Amino acid sequence: MAIRQLSETLINQIAAGEVIERPASAAKELIENALDAGATRIEIATAGGGKALLRVSDNGSGMDAADLELAVRRHCTSKILETLEDIRTLGFRGEALPSIGSVARLSIASRKRDSTGGHEIAVTGGKIAHMRPAAANPGTIVEVRDLFFATPARLKFLKTEKAEAGAITEIVKRMAIAFPAVRFVLSGSDRTTLEFPATGDDHLARMAQVLGKEFRDNAIALDAVREEISLTGFAGVPTFNRGNSAHQYAFVNGRPVQDKLILSAIRGAYAETIPSGRYPVAVLSITLDPALVDVNVHPAKSDVRFRDPGLVRGLIVGAIREALARDGSRAATTGASDMLRSFRPGFQPNSQRPQGGWSAETSPSRPFQPTTGFGERPQASFDGLSMPTARAEPQFSPPSAPEPNARYPLGAARAQIHANYIVAQTEDGLVIVDQHAAHERLVFEAMRKALHSKRLASQVLLIPEIIDIPEEDCDRLMQHAAELSELGLAIERFGPGAIAVRETPAMLGEVDAHGLIRQLADEIAEWDTASGLSAKLEYVAATMACHGSVRSGRRLRPEEMNALLREMEVTPGSGQCNHGRPTYIELKLSDIERLFGRS
C-alpha cells in the first residue's frame, strides 16, 4: 500500500486516544491548564459523568484572541521554552485542547486580566469555528460537550456515569492536595457539590479536607533530603490504614503521579507493620531538579522516570521508616473511636426482651460473671493483684533509669484481664495492651537490630550450587555481591551466564538457592536494589519473634507488666505487632466521661 499523509483531524483523533482516555483525563488536562495560568479559584461542573458536559472555569491570567487561535492547534504551548529537560509546569505536550476538540464539542471563552473584553472560539469534531467577541470575566471558561461523539466506538469502553463521575472526583482531590492555596469547587447535575476552600500554606489542613479530619490526628510529618532530592509530606501511623491504596498520594515537583516505584516504596516502608490486605495512608511530595526526572514518558503524565530510581526509593523508605521509628509507636485514634462505638448503653430492643419480663439475672446491667462453658473458673480480673507502680525496670536492653516523678506515656499497669490484656492507667486516661502482640514486636525489633549491626552468620555449602541465568542478570547480581555477602549470601561468577552460590544465610536454614537468586535478579532488574533477601530475613525474624514471645494466657506479675510498658515506650514501631495489628488502644478520660454522661 502507498504511504500517505494523514489528515489533521485524524491525527488529532489518534492523539486523543492517547491523551484523553475518559472524561477524567479531559478534566485533568483542563485543571492543569488553569493551575499553570495562575488560577486561585477553579470551578468544575459535570453532567452525565463528564460525557455530556465538562466545564472548567478559572480566574487565571486568561488569553487574548491570538493565544486562543493557537491554543486549539497541535503542538502550540506556552509551557516549554527551549528544552524538554527543564519543564516546570503541569501541562506541556500541546495536544490536550486540539485532541479534545477533535472528539467533542469544545468551546473556550477567555479574557486577560488587563483587557476590556474577551473572545470565544469553538471546535466541533476537529473543525475550528471563527473567533468572535464574548462577554467574559478575567480568566478562562472551557466547556466540553458530548465527549467522543465524533468517535462513537470510544463511548462503548467508558464505564457508568457514576464511575466516570467518581474518577473526576479523584482527579480533583489529587489536585486539591497538591495546591492548597487554590479553592476547588466540583458540582453538577450528577453529583452533590464538593468544595475545598483554600488553606494557604497549611498543607495538613487541605489533606484533612480530602482524607478526613482523622488524618490530621494520625499523621506523621516527613522532611528528608538526600543528594539534592527532598521529600516532604505526611505518613499515617501504621494502625491508621485502609482497605485499598486509593489513599496514597504522590507528587513530583508538584505534579500528581501514580508511579509504581513510589507506591512500591511506600509499601516497602510499611513492611512488617501493616496487616496483609491493608494499605497505609500517605501523602508524599518529591522535589528535585527537573533534569533528573523525565515527566514525558506517559501521554497522560501519570508516570515519571527518575534518573536514579534507587536513590528515590531509598529516600522514601528511609524517611518513612525514620518517621515511624520516631513517632509511629502511638496507636491510631480510630481505635478508641471503635471501642466507644462498641459500648452501647441502654436496654435491648423490645424484640429481644426475654420471655417473662425483666429480672436481675437477665438485665444487661447485671454484674459481669463470666463462665468458660467447661465448668472452669475464669481468671478474676483483679484478684490477687496489688496496685503496681510504674517503677519497673525493663527485661531487655533497659533504657536509662527514669526520673522518680516522670510521667510515662503508657502509664502504670493496674491489672491483667483474661490472662492476655494489660490495663494501665495514664495521666489522662487508660491503655489496654495486648501482651503477646506487644512482646512479639519488642523481640522482633531486637532481632532486626542485631540483623543490621553485623554480618549475618552464613553456612558454607559443601558443593556450590550453580545457577544459569541471563548474562545481564549475572552482571547486576555481581554489582551487589558485597551487599549480599553482608547478608550471608556469597556468590561468584562461574563462567558466562552462570552464578555460583558458595554460602547462604544460616538463619534461613535450607534454602532454595535457585529460586532466591532468580528472585533477587528480577528485583534488581526492576528496582536496582537487593532488598529481597533482607526482607526475607526480616520475615523469618518476625516468625521467630512470634513463637518466642510472651504467649496469650500467661499470667504476668506487676513488675513484668510494667517492664513491658516501659520497653514499649522506647521501642520503634511498638504501636503494632509484626502482623500489623495494634498492640494497644488508648482511651482518654474525656471519652470515658462521655460514656457516663459526665461531659
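**Figure 1. Arg554 and its salt-bridge partner Glu560 in the predicted model.** Start with Arg554, which is partly exposed, with a relative accessible area of 39%. This is a predicted model, so keep that in mind for every view that follows. The side chain of Arg554 meets that of Glu560 in a salt bridge, at 3.1 Å from N to O. Glu560 sits on the other side of the accessibility cut-off: with a relative accessible area of 9%, this residue is buried. So the pair joins a buried acid to a partly exposed Arg554.

**Figure 2. Asp473 and Arg476, a salt bridge within helix H13.** Here the side chains of Asp473 and Arg476 come together at 2.7 Å, N to O. Both residues belong to helix H13, which covers residues 471–479, and because they are three residues apart there, about one helical turn separates them. Asp473 is buried, at 12% relative accessible area, while Arg476 is partly exposed at 29%.

**Figure 3. Asp190 and Arg191, and a network of salt bridges.** Asp190 forms a salt bridge with Arg191, and their closest N and O atoms are 3.9 Å apart. In this pair the acid is the partly exposed residue, with a relative accessible area of 25%, whereas Arg191 is buried at 17%. Then there's a network: salt bridges link Arg41, Glu43, Arg183 and Glu195. Across the model, the salt-bridge count comes to 22.

**Figure 4. The largest nonpolar core and the surroundings of Ile42.** The largest nonpolar core has 90 residues, and Ile42, Phe184, Phe215, Ile262 and Ile316 are the ones with the most contacts inside it. Helix H10 (residues 309–327) supplies the largest share of this core, nine residues. A second, separate core holds 17 residues, among them Leu489, Ile499, Leu516 and Leu520. Zooming in on Ile42, and skipping residues up to four places away in sequence, this side of the picture includes contacts with Ile31, Ala34, Leu35 and Val56. Ile42 also touches Ser57 and Asp58, plus the run of Val182, Arg183, Phe184 and Val185. As background, nonpolar side chains tend to be buried together in soluble globular proteins.

**Figure 5. Helix H9 packed against helix H10.** Two packed helices are described by the angle between their axes and the distance between the axes. For H9 (residues 260–269) and H10, the angle is about 35 degrees and the axes are 9 Å apart. H9 passes H10 in a right-handed crossing. Which residues of H9 meet H10? From H9 come Leu261, Ile262, Ser264, Ala265, Ile266, Gly268 and Ala269. Facing them from H10 are Pro309, Val312, Arg313, Ile316, Val317, Ile320, Arg321 and Leu324. Sorted by type, the residues of this contact are eleven nonpolar, two polar and two charged.

**Figure 6. Ala319 in helix H10 and its contacts.** Ala319 is another residue of H10, and at 7% relative accessibility this alanine counts as buried. Setting aside neighbours within four places in sequence, Ala319 is in contact with Leu222, Ala224 and Leu231. Leu231 is 88 residues away along the chain, yet the C-alpha atoms of Ala319 and Leu231 are separated by 7.9 Å. For the protein chain in general, residues 24 or more positions apart account for 70% of the contacts with a separation of 6 or more.

**Figure 7. Phe148 and Glu228, two loop residues with positive phi.** Phe148 has a phi near 70 degrees, a positive value in a residue other than glycine. Look for Phe148 in the loop between strand E7 (139–145) and helix H5 (152–155). Glu228 also has a positive phi, near 65 degrees, and isn't a glycine either. Glu228 lies in the loop between strand E10 (219–226) and strand E11 (229–236). Is each of these loop residues buried or exposed? Phe148 counts as buried, at 0% relative accessibility, while Glu228 counts as exposed, at 71%.

**Figure 8. The whole chain, for orientation.** To place the close-ups, the protein chain contains 18 helices and 25 strands. Of its 599 residues, 47% count as buried.

Note on methods. Residues are numbered from 1 along each chain as its sequence is written. This is a predicted model: local features need pLDDT of at least 70, side-chain atom pairs count only at pLDDT 80 or more; totals for chains, interfaces and linings use all residues. Side-chain values use heavy atoms; hydrogens and water are left out. A nonpolar core is a set of buried Ala, Val, Leu, Ile, Met, Phe, Trp, Tyr and Cys residues joined through side-chain atoms within 4.5 Å. Buried means under 20% relative accessible area, exposed over 50%, partly exposed in between (1.4 Å probe, protein chains only). Helices (H or I, at least four residues) and strands (E, at least two) are DSSP runs, numbered from the N terminus. Contact means heavy atoms within 4.5 Å. Axes are lines fitted to C-alpha atoms, for helices over the stretch in contact, and angles run from 0 to 180 degrees between N-to-C directions. A crossing is left-handed if the near helix is turned anticlockwise from the far one by less than a right angle, and right-handed if clockwise. Ala, Val, Leu, Ile, Met, Phe, Trp, Tyr, Cys and Pro count as nonpolar, Asp, Glu, Lys and Arg as charged, and the others, Gly among them, as polar. A salt bridge is a side-chain nitrogen of Lys or Arg within 4 Å of a carboxyl oxygen of Asp or Glu.
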